[in-house]
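Work through the exercises below with the sequence and the model open. Each task is followed by a solution in steps.

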Amino acid sequence: MKSMEQELQCPVCKDIVKQPIVLPCLHSVCLMCASEVLVQSGYPQPELPPEPNSPASTPNTRSPRQIRRPIPKSDRVDRLLRSGSGTYPGRRRKEGPQTLMLFPCAPCGRDVELGERGLAECMRNLTLERIVERYRHTVSLGSVAVMCQFCKPPQALEATKGCADCRASFCNECFKLYHPWGTPRAQHEHVQPTLNFRPKVLTCPEHDQERLQFYCKSCQMLLCSLCKLRRIHTGHKIAPVTQAYQTLKDKITKELNYILSNQDMVLTQITQLENAITQTEVNSVSAKEQLSHCVKEIMALLTDRQTMLAQALESSRQRRAEALANQVAEKRSLLEHASLMAFTQELLKENDPSSFVHAARITHNRLAQSIESMQRFSLSADPSFRHFQLDVSRELKLLTDLSFIQAPLAPVIDTQRTLAYDKLFLCWRLPQDSTPAWHYSVEFRRRGVVPGGGARGGIRGGLAAARWGWQRLEEVTGTCAVIDRLEMDSVYVLRVRGCNKAGFGEYSEEVYLHTPPAPVLNFYLDSRWGLHADRLVVSKEQRCARSVPGLSLLQDADRALTSCHLTADLLVGDVAITQGRHYWACSVEPGSYLVKVGVGLESKLQEWFHLPQDMASPRYDPDSGHDSGAEDSSDSPPPFSFLTMGMGKIYLPSSANSHHTDANYRESGFTNGNGPSSPTGVTYPLPPRLGVCLDFEKGRVTFYDAHSLRPLWEGPVDCSAPVCPAFCFIGGGSLQLQELVANRNANQTPVRRVTIQSRVTKLN
């Protein structure tokens, strides 16, 4: 009992709670403390009941009429709470919007919304009150004994019983006096003596005297029989409060038993935490020493740099001072009584011409230089030191930004480049204001299946999920990663975080990737079936094809005036499928006129290819049917099956042997370009990539939105002979086969020489 005192403390006053109420955040506080906090926050003072030990609540201080007046049986505290804190008698409900009260909850660290009625919507925590009362009777808190409220002072005796109906404490004699045998009062419930009487059961805060008999699982709140009928709870899961009581009690019992049965684990974790505290102290001292060492190195470097710059400044000062001193001496020699002037005056007294000319030439040169120096006077050295000013703005900014190493911010996953094909390819980048990362940790798991914890239930299963749920790729040096050996037709969750000297940073947002429903088939476009170079061009890697309307269409323009003729070019893959399930994907340029993607029997495709290249338009051929060739036979499956794309749309045909997932597209936000669905089919926006899955044994082909792996259309196809991937161009268009993730790092695609044979291609 003594060890749980911390659980009984009010988070506001830090004392044992008195008349606790439950906030919407499920924390309990004293009623008086909650009122004081609201008043300090600027809300009006709510009306509260007097303290239990105050004169106003003591029967000895009441008047005789008040003594004879029967004590009300309803909960006085709850009734006063309903009438105060935001409401008053006679207020009409629709006077206008009421101000919502916000209570700053200390344990939560945030403001909790109380609602329009403030504390009136917070019910008392009767269970906590009972626990506190048992705690007070078990542990001596040094409090004053509860005295009988009906004995006359100073002979008042200590109370031995309390009456829950009279809401007062009595000694033995007074209890017998006020509860005579054979009267209704003798049936009152007696409890331990206390100064804080509570109601026997919880009642609805909105409907007086209505017991809370139901629990709404959707709203997670107690309801009375009237609240249950409200429209706001229509369709919610509502159970009897006894059922919720038993369910919650069983859960708490299991959780308590689990914790008590794993005390060794708790002690081990406490030891680890204590060791971590010790390591924290040791590492903090080491970090402080390293910080001091780094600052000393910076100071030493600054001192050395200061000494070097001061020496350069002093050397420049000496040179300039010497040059200016020499110039001063030279100017002083030009004064009247200087040596040069005196010597020149004596030289002019010489009368011998030859001697004068011989001796006066050097004097003449010196005087000419002095005159030129006087006329072009300038300082021989700059007395200012403007070139010796330091620009330390950049260094000051660096020193201002000097801080400890920060872990990298959460990476941003590039959803345009990330995809799931033969392998998972994940690409990401760091935000611009993030510190660099030395390496990354890529984590992934299969959605809905927890390795190591899927077969376990309850708490133990949850712990297993937290421990073994994620698989990791450690120390990924680049900004992309390839994950292989994954299960087909599964959804994987991926996330990334960076690491540097400061440790690991935050995780990126989780992305979900759906793996293909079958093994990926790797093939190339076969360019040996008589391609028309003026209309169809296949890339060197044989994975991209472009169709351009050429001269032949211009030459047939005269026939287009009387009937519609289109030029069709067929491309097939260089593989033939004879068994198994296979999946591949491609992308069609949105600006393409008409491009058909599908599969077909190799023999039928060859016959179709050798037909004349001017194909009559299906709009004027009454026997054309749809693209699956169903006009050949109504019972046998068609020899080929195509989906038509063009002008940014994809056409999904409708027939008795095929279906398209119209509901899935409506759920995803796509709309039908042709308005309501018609028996002939519907059109949808063209997906970025189209996936094709062929089940050879079942003779079914399914088309997917390869970005989300959402099925678009499924139909039959004849698989009695080898089947090939096929593509048909009508008008201008472009098509790109999806490159394997395994080949992304390859510099050059190897040249393949494969003939159309009845064989099985190895799958990646």
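**Exercise 1. Is C499 buried or exposed, and what surrounds this residue?**

Solution. C499 counts as buried because its relative accessibility is 9%; buried means under 20% relative accessible area, exposed over 50%, and partly exposed in between (1.4 Å probe, protein chains only). The model is predicted: local features need pLDDT of at least 70, side-chain atom pairs count only at pLDDT 80 or more, and totals for chains, interfaces and linings use all residues. Residues are numbered from 1 along each chain as its sequence is written, and side-chain values use heavy atoms, with hydrogens and water left out.

Next, place the residue: C499 lies in strand β17, residues 491-500. Strands (E, at least two residues) and helices (H or I, at least four) are DSSP runs, numbered from the N terminus.

Then list the neighbours. Leaving aside residues up to four places away in sequence, C499 touches P408, A437, W438, H439 and F504; contact means heavy atoms within 4.5 Å. From C-alpha to C-alpha, C499 and E475 are 8.6 Å apart, with their positions 24 residues apart in sequence.

**Exercise 2. Which residues of strand β28 are on its covered face, and which on its uncovered one?**

Solution. Start from the rule that side chains in a regular strand alternate between the two faces of the sheet. In β28 (residues 649-652), I650 and L652 form the covered face, while K649 and Y651 form the uncovered one.

Now find the partners. β28 runs antiparallel to β27 (residues 640-646), joined by three bridges; two strands pair if DSSP finds at least two bridges between them. I650 is the bridge partner of M645. Two residues separate the strands of this hairpin, in which M647 has a positive phi near 55°. β28 is also joined to β30 (residues 682-685), antiparallel, by four bridges, and here L652 stands opposite V682.

**Exercise 3. What is the strand order of the open sheet of three strands, and which helix packs on this sheet?**

Solution. The order is β9-β8-β10, with antiparallel pairing. β9 (221-224) and β10 (238-240) are the edge strands, each pairing on one side only. On average, neighbouring strands are turned by 40° against each other, direction ignored; axes are lines fitted to C-alpha atoms, for helices over the stretch in contact, and angles run from 0 to 180 degrees between N-to-C directions.

Four bridges link β8 (residues 212-216) with β9, and C216 faces M221 across this pair. The helix is α6 (residues 241-261), which touches β8, β9 and β10; its direction makes about 85° with that of β10.
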